[in-house]
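Please open the structure in a viewer and keep the sequence beside it. The tour below proposes one selection after another and states what is to be found at each.

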Amino acid sequence: MTDKTMPAVVMYTDGACKGNPGRGGWGVWMSSGAHQKEMCGGEPQTTNNRMELTAVIEGLASLKRPCDITIYTDSEYVRKGITEWLASWKRRGWKTADNKPVKNVDLWQRLETLAAAHQVTWRWVKGHAGDPGNERADALANRGAEQAR
């Protein structure tokens, strides 16, 4: 159920990596009513999954008040991680089902904290399939990776 007192935001996020690990970038395109915002950044040595997570984190961190957000990502790692796996990881002391340390714990913890301030609906979108929002986020992520030299 949506909260009509919170601004509605649509956010598309994506990560990119030139080599994995390698030079990476993240991109966010979001809209709320007539307002639109693009963001991107990168790191010289990272992984694709870190960039996918960073995109969502940066998008959420840019919001100034609680919002009703629909986040579109082409990363099942991000979507399933936050909606399905996170509770079990925490219950097991940040260990996976096979008792290995969860990768990117620092980012998962930050994402969980930021998402808690909002009402978030998580949606998966097929990457590189012509979805305009995903294509825009992908282009921003690639720009971020290029700037990370």
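Begin by selecting strands E1 and E2, which a hairpin joins through 2 residues. The model is a predicted one. E1 covers residues 8-19, and E2 covers residues 22-32. The two strands run antiparallel and are joined by 10 bridges. To see one pairing, select Val10, which stands opposite Ser31 in E2.

Next, move to the loop between E1 and E2, where Pro21 is found. What is the form of the peptide bond from Asn20 to Pro21? The bond is cis, with omega near 10°. As a rule, most peptide bonds are trans.

**The sheet**

Now add strand E4, residues 68-73, to the selection. E4 pairs with E1 in the parallel sense, over 6 bridges. Thr13 is a useful residue to highlight here: the bridge partner of Thr13 in E4 is Thr73, while in E2 the partner is Val28.

Extend the view to the whole sheet. In which order do the strands of this open sheet stand? The 5 strands follow the order E3-E2-E1-E4-E5, and their pairing is mixed. E3 (35-46) and E5 (119-124) are at the edges; each has a single partner strand, so one side of each has no neighbour in the sheet. On average, neighbouring strands are turned by 20° against each other, direction ignored.

Within E4, select Asp68. Is Asp68 buried or exposed? Its relative accessibility is 9%, so Asp68 counts as buried. Then add Gln119: the C-alpha atoms of Asp68 and Gln119 are 4.7 Å apart in space, although 51 residues separate the two in sequence.

For a contrast, go to the segment before E1 and select Thr5. Thr5 has a relative accessible area of 69% and is therefore exposed. From Thr5 to Ala34 the C-alpha distance is 17 Å, with their positions 29 residues apart in sequence.

**The helices beside the sheet**

Select helix H2, residues 76-91. H2 packs on the sheet, where it touches E4 and E5, and its direction makes about 140° with that of E5.

Add helix H3, residues 105-116. How are H2 and H3 placed relative to each other? They pack at an angle of about 95°, and their axes are 11 Å apart. The two helices are therefore roughly perpendicular. On the H2 side of the contact, display Tyr77, Val78, Gly81, Ile82, Leu86, Trp89 and Lys90; on the H3 side, display Trp108, Leu111 and Glu112. Coloured by class, this contact shows 7 nonpolar, 1 polar and 2 charged residues.

While H3 is displayed, select Thr113, which has its place in this helix. With 55% relative accessibility, Thr113 counts as exposed. Its C-alpha atom lies 10.0 Å from that of Leu60, and the two residues are 53 apart along the chain.

**The nonpolar core**

Hide the surface and turn to the largest nonpolar core, which has 29 residues. Which residues have the most contacts inside this core? They are Met11, Leu60, Ile69, Trp108, Leu111 and Trp122. At least two core residues come from each of E1, E2, helix H1 (48-61), E4, H2 and H3. H1 gives the largest share, 6 residues.

Centre the view on Leu111. When neighbours within four places in sequence are left aside, Leu111 is in contact with Leu53, Val56, Ile57, Leu60, Ile82 and Trp122.

**Two loop residues**

The last stops concern backbone geometry. Most residues other than glycine have a negative phi.

Select Asn99 in the loop between H2 and H3. Asn99 is not a glycine, yet its phi is positive, at about 65°. With a relative accessible area of 57%, Asn99 is exposed.

Finally, select His128 in the loop between E5 and helix H4 (132-147). What is the phi of His128? The value is near 55°, which is positive in a residue other than glycine. His128 counts as exposed, at 62% relative accessibility.

Methods. Residues are numbered from 1 along each chain as its sequence is written. This is a predicted model: local features need pLDDT of at least 70, side-chain atom pairs count only at pLDDT 80 or more; totals for chains, interfaces and linings use all residues. Side-chain values use heavy atoms; hydrogens and water are left out. Axes are lines fitted to C-alpha atoms, for helices over the stretch in contact, and angles run from 0 to 180 degrees between N-to-C directions. Helices (H or I, at least four residues) and strands (E, at least two) are DSSP runs, numbered from the N terminus. Angles under 35 degrees count as roughly parallel, over 145 as roughly antiparallel, 65 to 115 as roughly perpendicular and the rest as oblique. Contact means heavy atoms within 4.5 Å. Ala, Val, Leu, Ile, Met, Phe, Trp, Tyr, Cys and Pro count as nonpolar, Asp, Glu, Lys and Arg as charged, and the others, Gly among them, as polar. Two strands pair if DSSP finds at least two bridges between them. A nonpolar core is a set of buried Ala, Val, Leu, Ile, Met, Phe, Trp, Tyr and Cys residues joined through side-chain atoms within 4.5 Å. Buried means under 20% relative accessible area, exposed over 50%, partly exposed in between (1.4 Å probe, protein chains only).
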